[in-house]
Amino acid sequence: LYRNSNVPANVKYVAVQYKSQYKAYLYIDNFQIMEAPSCMFPVEVRAESTNENSANIMWTAGANESSWQMVYGVAPLDVATATPVDVNTLGTTISNLTPNTHYQIVVRATCSDGHSDWSEVADFWTTTAPATVPYTQTFEEGAADRDNWVLVNGNQGNYFVYGTVPGSTTGKALMITHDGTTNTYLTQIGDNLTSNYSTVWAYRDILFPETTAPGYLLTLSWKCFGEVDYDFGELFIGNATEVTNFDRNENNPGFIDVNTAHYTPAGLTKLDRFVNKSQMQTGAYIIPSSETAGTVKRLYFLWTNDSLSGAETPLAIDNINITIPQFATMTGLVTDADNQNPIAGATISVVSNQGFTGSATTDNNGSYTIEDLVAGYYTITVTAHGYQTLSTGYSLGEGVNNVPFELNVEECTIIPTGVSY
């Protein structure tokens with residue numbers, strides 16, 4: 001409440017402050033001030049963890065209540081026809097749910113003089129049994145496991161569907177659309193150019209089996225032009241957590257990256273940002289086994305856009321593959337081609353066809369080692385002071401690969417005294 005010193009002490013004002021660096025609008029409707037009820041309804045109703053068949057439901061008491069009633073069901077929830085369940089603890093577990101299903105829940109307090117109003121509707125989704133590595137997903141019609149992906153679209157104007165994407169190597173892909181058919185999006189809609197902020201998610205739980213390998217290989221096809229820093233896709237991996245279609249202007253302290261215009265649950269690891277590419281690209285990522293072996297992790301795709309300029313090609317994802325690849329170690333000596341003396345301080349840099357990199361510097365004996373490289377073809381560059389740069393290619397097999405290099409002394413030109421060119 002805002003106190004104005006020019007009016008009597010028993011008069012207060014309700015003040016709403018709005019600031020924006022862009023041309024945007026604020027709308028307020030159905031504003032009420034009323035006497036607080038004797039039986040307060042609970043707030044912050046939420047599912048703190050879910051699996052295929054159960055969900056842990058929590059809420060915050062409105063005041064000092066100790067008993068509640070709960071109604072839940074498959075969305076959209078019909079509260080009027082549902083049978084309330086009595087709960088005498090601040091939170092409860094719901095069991096016997098259907099996997100991969102959108103549920104809604106409301107809670108009200110039970111008081112000596114009756115019941116409070118129902119809380120706001122809370123949404124949650126049950127998961128499916130996790131997929132297992134090795135894993136492949138092409139998003140084709142009828143593709144195994146496609147229907148086990150969870151699309152958290154809410155009522156956003158741009159949203160995930162399975163559709164046809166120009167340039168995709170298969171017929172269907174996971175893509176963003178504004179009309180359910182085309183791989184296009186809008187930042188503003190309607191004759192009055194209403195803001196069309198969107199933040200949507202798609203995810204799948206993956207079981208990463210135990211392995212002694214350094215990691216797992218994730219590859220996929222993607223394209224997304226969007227608009228740098230404003231409209232883009234992102235790829236995350238982490239523990240299972242609820243993701244929500246947040247308003248891009250909502251300052252929610254429970255989430256990070258609020259200044260980069262999107263909302264990501266804390267604890268997720270970002271593997272990539274997808275932007276500025278209108279043609280299909282190949283992405284390749286190593287997921288360390290030290291963090292994932294023997295556990296279930298969730299693979300998340302995010303799309304987010306603001307309501308200003310942009311509206312170029314949005315996100316499309318296809319051909320997801322997760323495997324335990326063969327890993328290689330590259331080792332050897334770098335020597336002088338003329339006298340075979342070892343060269344200390346030489347730098348060996350490698351780049352694979354999938355974009356994986358590694359490097360090492362030779363010791364005093366001219367020896368180097370690069371570990372944890374995915375087996376495959378690499379472009380190799382060797383440099384050393386006073387020697388010509390060597391560029392070559394090599395196919396690394398699984399295990400230890402002995403790859404020596406000989407460098408030629410850098411050529412120099414001697415100009416006699418008194419001679420000019």
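Is Phe 31 buried or exposed? Phe 31 is exposed, because its relative accessible area of 52% is over the 50% cut-off. Keep in mind that this is a predicted model.

**View 1. A nonpolar patch on the surface around Phe 31.** Phe 31 sits in the segment before β1 (43–50). On the surface, Phe 31 shares a nonpolar patch with Val 14, Val 16, Tyr 18, Leu 26, Ile 28 and Ile 33. Put together, these side chains' residues offer about 710 Å² of accessible area.

**View 2. The largest nonpolar core, with 31 residues.** Phe 274, Phe 301, Ile 317 and Ile 322 have the most contacts inside this core. At least two core residues come from each of β12 (159–163), β13 (173–177), β16 (198–208), β17 (215–224), β18 (232–238), β22 (277–288), β23 (295–305) and β24 (316–323). β17 gives the largest share, five residues.

**View 3. A second core, separate from the largest one.** This one has 26 residues, and Ala 284, Val 334, Ile 370 and Leu 396 are among them.

**View 4. Ile 322 and its contacts.** Skip the neighbours within four places in sequence, and Ile 322 is still in contact with Val 133, Pro 134 and Tyr 135. Ile 206, Phe 208, Tyr 216, Leu 217, Leu 218 and Leu 299 are also in contact with Ile 322.

**View 5. Residues 248–261, where the pLDDT is below 50.** For the protein, the mean pLDDT is 88, and 89% of residues reach 70 or more. The 248–261 stretch still has 33 contacts in the model beyond near neighbours in sequence.

Terms used:
Residues numbered from 1 in each chain as written. Predicted model: local features only at pLDDT ≥ 70, side-chain atom pairs only at ≥ 80, totals over all residues. Heavy atoms only, no water. Patch = residues over 30% accessible without salt bridge, like charges linked within 9 Å, V, L, I, M, F, W, Y side chains within 5 Å. Areas by Shrake-Rupley, 256 points an atom, 1.4 Å probe, with all protein chains shown as cover. Salt bridge = Lys/Arg side-chain N within 4 Å of Asp/Glu carboxyl O. Helix = DSSP H or I, 4+ residues; strand = E, 2+ residues; numbered from the N terminus. Buried < 20%, exposed > 50% of the residue type's maximum accessible area, 1.4 Å probe, protein only. Core = buried A, V, L, I, M, F, W, Y, C linked by side-chain atoms within 4.5 Å. Contact = heavy atoms within 4.5 Å. pLDDT = per-residue confidence, 0-100.
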